[in-house]
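Reader: I should like to learn how to read the features of a model such as this one. Please begin with the general idea in each instance and then turn to the case at hand.

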Amino acid sequence: MHPNTHAYTVLESSTGSIFLHMTMSEWPNPFWGNLLKSNSNGTYFGLSIENVNRNELGFVDFEKFVGLDGIVMVNVVANPAEATLSGSKVLQTRITHNDGGTWRPLTPPKFDSQGKMYPCSNVGCALHVHGYTERIDARTTYSSPGVVMAVGNVGEVLAPYTESDTFLSRDGGFTWEEVHKDAHLWEFSDSGSIIVVVNDEEPTDHVLFTTDEGISWRQYQFRNDKLRIKSIITVQEDTSRKFMLLGHPPHDSMSSTIVHIDFTSLTHKECVLNIEDPGHDDFEIWSRLLLQCILAFQQYSPLQSFDFCLRFLLF
């Protein structure tokens with residue numbers, strides 16, 4: 001293929017370099033391509049990772065952790081030769097912590113949310129998550145610095161969405177844990193101080209929420225009869241703790257129902273940041289020396305054992 005005949009997608013970047021997806025497959029085959037990264041001023045590009053998944057509209061499974069420079073997740077097509085013949089792609093997830101310099105699989109947790117050990121234990125076992133091209137609500141999977149949620153599975157390849165569970169990372173994707181069975185929708189509010197999730201596989205009458213980054217979860221029943229929730233809406237960057245659930249009755253998809261949930265009364269305490277005396281405030285320094293010292297950063301995030309408070313400090 002000549003460079004002029006490729007399809008290109010320019011992807012998000014905040015480190016000065018440009019990520020560019022170059023489609024390598026040709027219609028009517030499923031689409032995938034190579035992820036290229038530029039130098040600091042965009043004058044030339046080099047290969048970062050091959051066979052990155054995209055859909056027919058040109059959108060790419062590329063998830064950048066906003067607020068944490070240099071961390072990106074992608075889904076790659078693990079069977080490009082077979083997919084060319086069968087038309088069916090098999091996906092695997094990869095992550096970089098040095099802005100595309102190196103990529104590796106997601107480290108799987110040893111136990112699920114019920115304390116059972118995963119049956120997958122061989123070298124090829126990893127965590128795989130559903131990316132941008134598969135979600136109806138095409139959001140990025142980040143919250144406050146370091147906290148990430150995703151729907152996926154532990155295995156050798158990515159399983160269908162309805163066979164997946166809900167996972168969370170508190171350290172920028174270095175380690176993960178399963179927090180709930182089944183696929184869930186999620187939303188962050190008040191700069192990540194509260195996370196609300198709702199079942200995305202079946203009708204429900206309740207949400208689950210956490211104020212300590214998923215260490216513990218509480219249930220709130222929002223009505224007596226069940227709804228099929230299709231979306232959660234809030235203002236992520238604001239200090240509001242109000243959410244709207246958009247859904248419909250189980251057997252009437254043509255009608256719509258909106259449920260308003262307000263968690264404002266949970267607390268009125270403001271978070272305190274004291275840079276001079278960091279051991280006596282509501283924040284801890286979240287730092288991670290990245291691979292080969294290519295990137296390093298230091299940010300403030302709430303303590304995992306902190307008293308729930310209002311985060312008027314935005315990250």
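Author: Let us begin with burial: a residue counts as buried under 20% relative accessible area, as exposed over 50%, and as partly exposed in between. Please bear in mind throughout that the model is predicted.

Reader: By that scale, is Lys37 buried or partly exposed?

Author: Lys37 has a relative accessibility of 23%, so it counts as partly exposed. Its salt-bridge partner is Asp99, with the closest N and O atoms 3.2 Å apart. Asp99 has a relative accessibility of 5% and therefore counts as buried.

Reader: How should the positions of Asp99 and Lys37 along the chain be read?

Author: The pair links distant parts of the chain, 62 residues apart. Lys37 belongs to strand β3 (residues 32–38), whereas Asp99 sits in the loop between β7 (91–96) and β8.

Reader: How many salt bridges does a search of the whole structure find?

Author: The search finds seven. The criterion is a side-chain nitrogen of Lys or Arg within 4 Å of a carboxyl oxygen of Asp or Glu. One of these pairs is Lys181 with Asp112, at 3.0 Å from N to O. Lys181 is in the loop between β11 and β12 (184–189), and Asp112 is in the loop between β7 and β8, so their contact ties together parts 69 residues apart in sequence.

Reader: What does accessibility show for Lys181 and Asp112?

Author: Lys181 counts as partly exposed because its relative accessibility is 28%. Asp112, at 12%, counts as buried.

Reader: Which buried residues meet in a salt bridge?

Author: Arg228 and Asp200 do so, at 3.3 Å from N to O, and both are buried. Arg228 is part of strand β16 (residues 228–233), while Asp200 occupies the loop between β13 (194–199) and β14 (206–210); the bridge therefore ties together parts 28 residues apart in sequence.

Reader: Which residues are joined into one network by salt bridges that share partners?

Author: Asp112, Glu178 and Lys181 form that network.

Reader: Let us turn to sheets. What is the order of the four strands in the open sheet?

Author: The idea is to establish which strands pair, and in which sense. Here the order is β8-β9-β10-β11, with antiparallel pairing. At the edges are β8 (126–129) and β11 (177–180), each of which pairs on one side only. Neighbouring strands are turned by 55° against each other on average, direction ignored.

Reader: How many bridges join β10 and β11?

Author: Strand β10 (residues 165–169) pairs with β11 in the antiparallel sense over three bridges. Thr166 has His180 in β11 as its bridge partner.

Reader: What is the order of the open sheet of three strands?

Author: Its order is β16-β17-β18, and the pairing is again antiparallel. The edge strands, each pairing on one side only, are β16 and β18 (257–262). On average, and with direction ignored, neighbouring strands are turned by 25° against each other. Six bridges join β17 to β18, and Leu245 stands opposite Val259 in β18.

Reader: Where is Arg241 found, and is it buried or exposed?

Author: Arg241 is found in the loop between β16 and β17 (242–248). Its relative accessibility is 3%, so it counts as buried. The side chain of Arg241 reaches the backbone oxygen of Thr264 at 3.4 Å. Asp262 is 21 residues from Arg241 along the chain, yet their C-alpha atoms are separated by 6.1 Å.

Reader: How do the side chains along β1 point?

Author: One reads such a strand by its two faces. In β1 the side chains alternate: Thr9 and Leu11 point to one face and are buried, whereas Tyr8 and Val10 point to the other and are not buried. Strand β1 pairs with β2 in the antiparallel sense over four bridges, and Val10 stands opposite Leu20 in β2.

Reader: Which residues form a nonpolar patch on the surface?

Author: Val10 does so together with Ile18 and Phe45, and their combined accessible area is about 260 Å². Ile18 lies in the loop between β1 (8–11) and β2 (19–23). With a relative accessible area of 32%, Ile18 is partly exposed.

Methods. Residues are numbered from 1 along each chain as its sequence is written. This is a predicted model: local features need pLDDT of at least 70, side-chain atom pairs count only at pLDDT 80 or more; totals for chains, interfaces and linings use all residues. Side-chain values use heavy atoms; hydrogens and water are left out. Two strands pair if DSSP finds at least two bridges between them. Helices (H or I, at least four residues) and strands (E, at least two) are DSSP runs, numbered from the N terminus. Axes are lines fitted to C-alpha atoms, for helices over the stretch in contact, and angles run from 0 to 180 degrees between N-to-C directions. Patches are made of residues with over 30% relative accessible area and no salt bridge: like charges are joined within 9 Å, nonpolar side chains (Val, Leu, Ile, Met, Phe, Trp, Tyr) within 5 Å. Accessible areas come from the Shrake-Rupley method with a 1.4 Å probe; for residues, only the protein chains shown count as cover. Buried means under 20% relative accessible area, exposed over 50%, partly exposed in between (1.4 Å probe, protein chains only). A polar contact is a pair of N or O atoms within 3.5 Å; within protein, one must be able to donate a hydrogen and the other to accept it, and residues adjacent in sequence count only if both atoms are side-chain atoms.
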